[in-house]
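Reader: I would like to go through this model with you and hear the grounds for each label you put on it. Could we begin once the structure is in view?

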Amino acid sequence: MRQLAGIFALDIAAYAVMSNHYHVVLYIDKKSADKWSLAEVIILWEKLFRAPSLALRYLKGDTLDHCELKKLKEVTAIWRERLTDISWFMRCLNESIARQANAEDKCTGRFWEGRFKSQALLDEKALAACMAYVDLNPIRANIAKTPEDSDYTSIQLRIRSAITAEQPKSLLPFVGDERLSMPKGLPFQLGHYFELVDWSGRHLDPRKRGAIAENTPPILERLGISPEHWLYLNRNFESRFKGLVGSVEAVRKACNLLNKRWAQGVHDCQKFLSYPSSQLN
């Protein structure tokens with residue numbers, strides 16, 4: 001997964017690999033892909049698939065005539081688009097896993113149950129809720145007791161790197177709260193996110209009663225999400241939201257851009273991810 005992210009114009013924000021499925025939160029870095037040269041696109045594509053002789057000739061420095069160069073630009077434009085496409089990322093990832101699994105089981109045929117499901121995270125609230133939901137998968141499944149013990153998760157990798165005051169190079173970094181001239185990265189402070197995930201993990205058991213708002217991480221106040229709603233999201237994020245996820249304002253704006261009249265799950269977006277002043281039309 002991390003190797004593919006180094007080829008595609010995609011950054012991994014969070015992931016959790018479970019025994020029979022996995023979750024991954026991705027950031028599409030189209031701006032970087034648009035800056036790739038013709039040679040860079042070919043080199044990246046060659047790491048995944050065999051490039052035609054025309055592309056290899058270009059890399060060797062051979063002179064191409066006008067028609068050949070035009071054809072190469074048309075082909076690399078398709079490759080550039082695919083290298084920013086989550087569907088192509090998932091295709092490469094799932095195919096490699098399926099081949100390895102079938103080889104181990106000495107069988108052939110379909111490995112995955114169906115096509116992957118995806119959700120568009122439209123704002124900070126949706127991003128934070130989805131990332132924490134993913135990072136807390138092992139704790140929710142009672143496989144691990146703490147984030148640092150949650151094997152095959154981004155939170156464990158981040159914690160191990162933080163011990164040496166670093167952030168993992170294979171993951172999208174935390175760059176602090178959202179602001180002007182903000183560098184590429186997650187719009188939260190790393191320490192606040194650690195605190196949030198740790199606090200959430202301690203309160204995920206629905207059988208536990210008590211004052212869950214006590215010692216609430218400050219990031220929830222900044223995001224405008226109540227502790228009760230936050231913990232509900234961390235137990236039910238995947239089942240409650242379909243497609244577009246964010247505040248009602250963000251969902252409405254996305255619907256306009258996509259020429260959609262309505263988005264499934266908008267009432268849950270209103271309830272759990274919108275400020276109290278938000279009203280549905």
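Reader: Which residues does F188 touch, not counting residues up to four places away in sequence?

Author: This is a predicted model, and in it F188 touches E124, L127, A128, F174, V175, G176, D177, I219, R222 and L223. F188 is also one of the residues that touch the most other members of the largest nonpolar core, a set of 46 residues in which V25, M131, L186, W230 and L273 share that distinction. Helix α7, residues 124-135, gives the most to this core, with nine residues. A second, separate core of 30 residues includes I42, A51, C92 and L93.

Reader: Why is the pair of Y22 and W112 called edge-to-face?

Author: The centres of the two rings are 5.8 Å apart, and the cut-off for a pair is 6.5 Å, so Y22 and W112 count as an aromatic pair. Their planes stand at 80°, and because an angle over 60 degrees counts as edge-to-face, that is the name given to this pair. Y22 lies in strand β2 (residues 22-28) and W112 in the loop between α6 and β3, so the pair ties together parts that are 90 residues apart in sequence.

Reader: What makes Y22 buried, and what makes W112 partly exposed?

Author: The relative accessible area of Y22 is 16%, and because buried means under 20%, Y22 is called buried. W112 has 24%, and since partly exposed covers the range between 20% and 50%, W112 is therefore called partly exposed.

Reader: How do you know that W45 and W79 are stacked?

Author: In the pair of W45 and W79 the centres are 5.4 Å apart and the planes differ by 5°; because planes under 30 degrees apart count as stacked, the pair takes that label. W45 belongs to helix α3 (residues 38-46) and W79 to helix α5 (residues 66-82), so that the pair links distant parts of the chain, 34 residues apart. W45, at 5% relative accessible area, is buried, and W79, at 6%, is buried as well. Together with F49 and W88, these two residues form one aromatic cluster, and R91 lies over the face of W88, at 4.3 Å from the ring centre.

Reader: What places R140 over the face of Y133?

Author: R140 lies at 3.9 Å from the ring centre of Y133, and the distance part of the criterion asks for a value within 6 Å.

Reader: How do you know that C255 is in no disulfide?

Author: The nearest cysteine sulfur, that of C269, is 9.4 Å away from C255, and because a disulfide needs two sulfur atoms within 2.5 Å, C255 cannot be counted in one. The structure as a whole holds zero disulfides. C255 is buried, with a relative accessibility of 6%, whereas C67, at 59%, counts as exposed.

Reader: Why is K106 called exposed?

Author: The relative accessibility of K106 is 74%, and because exposed means over 50%, K106 earns that word. K106 lies in the loop between α6 (86-105) and β3 (119-121), and its phi is near 55°, a positive value in a residue other than glycine.

Reader: What makes N259 exposed?

Author: N259 has a relative accessible area of 71%, and since the cut-off is over 50%, N259 is therefore exposed. N259 sits in the loop between α13 (248-257) and α14 (266-272), with a positive phi near 60°.

Definitions and conventions. Residues numbered from 1 in each chain as written. Predicted model: local features only at pLDDT ≥ 70, side-chain atom pairs only at ≥ 80, totals over all residues. Heavy atoms only, no water. Helix = DSSP H or I, 4+ residues; strand = E, 2+ residues; numbered from the N terminus. Buried < 20%, exposed > 50% of the residue type's maximum accessible area, 1.4 Å probe, protein only. Core = buried A, V, L, I, M, F, W, Y, C linked by side-chain atoms within 4.5 Å. Contact = heavy atoms within 4.5 Å. Phe/Tyr/Trp six-rings, centres within 6.5 Å; stacked < 30°, edge-to-face > 60°. Lys NZ or Arg CZ within 6 Å of the ring centre and 35° of its normal.
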